[in-house]
Amino acid sequence: MSLFRKIWFLLALLPLAACGFEPVYGTGTAATNMLGKIEIQVVKGRNGFEMRDRLLERLGAVGVDAPYLLSFKTTIVSDDLTISDDNDVTRFTLTGATAFQITDKATQTIVYNNTVTSNTAYSATSGTYATSIAERDANVRLNRDLADEIITILSITAKDWLK
């Protein structure tokens with residue numbers, strides 16, 4: 001890289017430094033400090049398991065001595081997306097919404113709450129087994145996406161609620 005290009009690159013970064021920009025996952029940031037400090041509630045059902053599993057994967061498993069508790073409630077709605085000429089549904093869409101909150105376990109106060117939404121789709125076939133497997137896979141994808149959105153939002157906002 002020529003000296004001219006290096007100077008322009010550094011000049012382009014100056015506005016970012018002036019606005020207080022800092023990386024979310026840098027060393028010692030609130031996002032990295034929250035890892036391992038959030039207990040995740042156990043929810044019954046396959047969707048609750050998939051959501052909790054992904055959250056544990058991203059946040060790290062902790063015991064009951066974690067200072068925060070993440071609780072959530074997911075609602076998933078299935079809609080017909082494509083209907084063939086024979087009035088057969090050939091594609092479905094799943095829309096999910098997860099309301100979640102972070103509770104400080106010491107004071108029992110809610111320090112953060114929000115809702116995330118996402119959607120996915122799957123195809124129906126003439127075979128019921130293949131369609132049920134496609135629906136199950138779509139549910140897994142949807143819950144993983146919702147969990148990833150929760151982690152992103154918590155990472156961005158951790159500096160506001162994390163002690």
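**Salt bridges around helices α3 and α4**

In this predicted model, the side chains of Arg58 and Asp148 form a salt bridge, with 2.8 Å from N to O. Arg58 belongs to helix α3 and Asp148 to helix α4, so this pair ties together parts that are 90 residues apart in sequence. With a relative accessibility of 30%, Arg58 is partly exposed.

Asp148 also meets the side chain of Arg54 in a salt bridge, again described by an N to O value of 2.8 Å. Here, too, helix α4 (residues 128–161) supplies Asp148 while helix α3 supplies Arg54, so the contact ties together parts that are 94 residues apart in sequence. Arg54 has a relative accessibility of 12% and counts as buried, because the cut-off for buried is under 20%. These residues belong to a wider arrangement: Arg54, Glu57, Arg58, Arg144 and Asp148 are linked in a network of salt bridges.

A further salt bridge joins the side chains of Arg46 and Glu50, at 3.1 Å from N to O. Both residues sit in helix α3 (residues 46–59), 4 residues apart, which means that about one helical turn separates them. Arg46 is partly exposed, at a relative accessible area of 43%, whereas Glu50 is buried at 10%. Across the whole structure, the search finds 8 salt bridges.

As for confidence, the protein has an average pLDDT of 86, and 83% of its residues score at least 70. The mean is highest in strand β4 (residues 109–123), at 95, and lowest in helix α1 (residues 3–18), at 69.

Notes: Residues are numbered from 1 along each chain as its sequence is written. This is a predicted model: local features need pLDDT of at least 70, side-chain atom pairs count only at pLDDT 80 or more; totals for chains, interfaces and linings use all residues. Side-chain values use heavy atoms; hydrogens and water are left out. pLDDT is the predictor's confidence in each residue, from 0 to 100. Helices (H or I, at least four residues) and strands (E, at least two) are DSSP runs, numbered from the N terminus. A salt bridge is a side-chain nitrogen of Lys or Arg within 4 Å of a carboxyl oxygen of Asp or Glu. Buried means under 20% relative accessible area, exposed over 50%, partly exposed in between (1.4 Å probe, protein chains only).
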